[in-house]
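Let's take a walk through this model together, one stretch at a time. Keep the structure open beside you as you read.

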Amino acid sequence: MNAQAQKVATPAGEKSHTSPRKVSGAEALILSLLAEGVDTIFGYPGGAIMPVYDSLYHYTDQVNHILTRHEQGATHAAQGYARLAKKAGVCFATSGPGATNLITGIADAQIDSTPLVCITGQVASHLLGSDAFQETDIIGISNPVTKWNFQVTRAEEIPATIAKAFYIAQNGRPGPVLIDITKDAQFGVLDFEYKKCEKIRSYRPIPQLNQGQILQAAQLINQAQKPMILMGQGVSLAEAEQDLQTFVEKTGIPVASTLLGLSSFSTHHPLYVGFLGMHGNYGPNVKTNEADLLIAVGMRFDDRVTGDLSRYAQQAKVIHIEIDPAEIDKNVKADVPVIGDAKEALQALLPLVKTRAHQDWLKEFDNCQKVENEKVVSKTMQPSTPKLKMAEVVQALSDQTKGKAVIVTDVGQHQMIASRYYQFDQPNSNITSGGLGTMGFALPAAMGAKIARSDREVVAIIGDGGFQMTAQELGTLMQYQIPVKIIILNNSFLGMVRQWQELFFDKRYSFTEMVNPDFVALAKSFHIGAQRVEQRDQLADGLQNMLAHQGSFLLEVVVEKETNVFPMVPTGESISNIRLE
């Protein structure tokens with residue numbers, strides 16, 4: 001990374017120069033973002049951040065600003081952008097409610113390790129603590145859900161603070177940072193010069209690998225008879241997909257994926273054995289409790305993956321490859337922790353592991369898949385009822401896009417169905433709200449993803465409930481002509497909650513049935529193409545129309561109203577007790 005002072009960008013029409021010059025704090029912020037290579041900002045203006053927006057007006061030829069319809073939409077859009085662009089997403093908001101509206105997206109980014117740089121305006125520094133109009137303690141509020149936050153009260157602090165913010169957000173385990181800038185700091189004047197942050201004393205974002213741990217891990221791998229790899233998002237964050245495949249093909253070890261790990265390993269690969277977790281595949285769940293070695297790569301043993309911890313993999317040795325030391329031994333005790341970047345760890349292990357095959361062990365997974373096919377998949381894909389099932393829609397989409405689309409999902413039954421039935425065949429193709437489980441995530445996140453990678457097909461799959469939480473972002477799609485494809489799987493229910501009510505609350509459907517608007521008419525009111533599919537024989541044409549459409553398009557698919565997602569590990573149960581029906 002170049003430690004030299006960065007070239008100072010200038011407003012359109014002025015001569016460029018590299019020497020320090022006097023600028024306002026607001027302009028220093030814009031120049032700092034440009035020096036970090038920011039090309040897109042998602043945001044919503046307001047009183048306390050007006051100087052920043054006024055400065056931004058001079059730089060619209062150098063940076064895109066996407067005016068979302070709500071600050072929550074801005075953070076989710078920035079998340080989708082970050083996940084696909086592989087760099088920090090940036091969003092702006094004003095003080096008070098504008099800032100607090102960012103919190104859901106920031107919390108989502110924190111638990112899913114997504115790099116964000118969020119900038120909020122604040123009341124003037126002399127008003128801090130006075131309950132001034134639209135004042136809120138956003139530093140205190142955001143403290144538990146940010147990797148770092150800081151309040152700027154002097155213009156001179158802005159360049160170094162922004163440099164530090166990008167360094168922290170993007171290095172090591174990624175995460176969100178929030179910078180709150182008082183209005184007087186935005187109006188203040190400074191001699192602007194920008195230097196990127198290259199290190200912070202006492203902060204080592206990527207721990208150095210311990211060779212002793214690598215040797216111990218290799219020894220366990222070479223001795224194991226029933227090893228299994230649990231692949232998490234850390235593989236994608238480290239861009240270690242190819243390294244993992246090379247490692248897997250040499251060791252012959254079957255691979256299962258967490259929700260956020262999906263798409264980091266082709267679902268068509270013969271050593272891929274499925275999706276872990278509460279609604280994952282039968283084989284990888286039950287075989288976790290029979291494996292003699294688990295190799296967890298960039299995953300955090302979320303409770304949706306482990307089920308009852310007291311009955312989780314008691315028979316197995318555990319190698320935990322993880323960049324964040326705080327995750328080691330947090331939920332599952334590691335026999336051999338390997339603290340470091342997944343790519344570096346896999347590359348270090350590769351020459352030390354033996355070439356092997358585990359054919360008998362793999363046959364056990366095949367047998368489990370046959371059971372699942374008989375009990376679940378065949379009934380789902382060959383339904384006896386006239387109503388469409390969610391899985392049919394996802395499978396048809398997977399076939400038509402050949403597994404190469406970017407799939408952005410919300411939270412609920414549709415999310416689990418998409419994770420189970422979309423056949424991911426290209427890395428970096430799965431964007432979803434994992435740890436926080438945020439309804440309303442998918443539509444704005446898909447918008448950000450499409451802006452980051454206009455060359456890729458981006459399809460948001462959303463339930464009718466989640467769609468209505470951020471449906472106003474259709475206005476953003478309309479204004480900026482962002483060609484996102486949207487599939488609403490409409491069962492007129494908050495489906496996953498209804499499923500739990502059916503299974504665990506004696507079918508007491510307490511406030512989960514929804515009376516929905518005309519989604520097609522709603523989309524068309526935003527000048528977005530739309531179609532409704534209700535019959536099975538309409539599905540293929542509906543998907544073709546959607547994918548062939550040049551702009552954004554909403555496909556509403558009316559699906560079976562009361563359907564359940566199986567397999568399922570009930571809350572608090574062992575993953576060995578996964579239900580197939």
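The unreviewed UniProt entry carries the annotation "domain: Thiamine pyrophosphate enzyme TPP-binding" for residues 410-557. UniProt positions are given here in the numbering used for this chain, with feature names shortened, and annotations may be inferred rather than shown by experiment. Over residues 410-557 the chain is 39% helix and 17% strand, with the end C-alpha atoms 16 Å apart. Helices (H or I, at least four residues) and strands (E, at least two) are DSSP runs, numbered from the N terminus.

Before going on, a word on ground rules. This is a predicted model, where local features need pLDDT of at least 70 and side-chain atom pairs count only at pLDDT 80 or more, while totals for chains, interfaces and linings use all residues. Residues are numbered from 1 along each chain as its sequence is written, and side-chain values use heavy atoms, with hydrogens and water left out.

UniProt, again in an unreviewed entry, also places "domain: Thiamine pyrophosphate enzyme N-terminal TPP-binding" at residues 24-139. That stretch is 41% helix and 18% strand, and its end C-alpha atoms are 23 Å apart. The domain assignment, meanwhile, gives domain 1 (21-192), domain 2 (211-364) and domain 3 (386-558); such bounds come from an automatic or database domain assignment. How far apart do the C-alpha centres of domain 1 and domain 3 lie? The answer is 30 Å. Across that pair, 24 residues of domain 1 are in contact with 29 residues of domain 3, contact meaning heavy atoms within 4.5 Å.

Now for a sheet. Six strands make an open sheet in the order β3-β2-β4-β5-β7-β6, with parallel pairing; two strands pair if DSSP finds at least two bridges between them. β3 (64-67) and β6 (148-152) stand at the edges with a single partner strand each, so one side of each has no neighbour in the sheet. From one strand to the next the twist averages 20°. Axes here are lines fitted to C-alpha atoms, for helices over the stretch in contact, and angles run from 0 to 180 degrees between N-to-C directions.

Look next at β4 (residues 89-93) and β5 (residues 116-122), which pair in the parallel sense over five bridges. Gly89 has Leu116 as its bridge partner in β5. Helix α1 (residues 25-35) packs on the sheet, touching β2 (40-43), β4, β5 and β7 (176-182), and its direction makes about 165° with that of β4. Helix α5 (residues 103-111) also packs on the sheet, where it touches β5 and β7; the direction of α5 makes about 145° with that of β7.

Two backbone oddities are worth a stop. Gln134, in the loop between β5 and α6 (138-142), has phi near 60°, a positive value in a residue other than glycine. Ser263 has a positive phi too, near 85°, and sits in the loop between β10 (255-257) and β11 (272-275). Are they buried or exposed? Ser263 is buried, with a relative accessible area of 6%, whereas Gln134 counts as partly exposed at 27%. Buried means under 20% relative accessible area, exposed over 50%, and partly exposed in between (1.4 Å probe, protein chains only).

Helix α18 (residues 442-452) is a good place to see burial: nine of its 11 residues are buried, so the helix is largely enclosed by the rest of the structure. Among them are Leu443, Met447 and Lys450.

Finally, head for the segment after β20 (553-558), where you'll find Glu560. Glu560 is buried at 14% relative accessibility. Lys389 is 171 residues away in sequence, yet the two are 5.7 Å apart, C-alpha to C-alpha. The side chain of Glu560 makes polar contacts with those of Thr385 at 3.1 Å and Thr563 at 3.5 Å. A polar contact is a pair of N or O atoms within 3.5 Å; within protein, one must be able to donate a hydrogen and the other to accept it, and residues adjacent in sequence count only if both atoms are side-chain atoms. Pro567 is also in the segment after β20, and a cis peptide bond joins Phe566 to Pro567, with omega about 0°.

Thr385 turns up again among the contacts of Arg536, a residue in the loop between β19 (529-533) and α23 (539-548). The side chains of Arg536 and Glu392 share a polar contact of 2.6 Å, and a polar atom of the Arg536 side chain lies 2.9 Å from the backbone oxygen of Lys387.

How values were computed:
Lists of a residue's contacts leave out its neighbours within four places in sequence.
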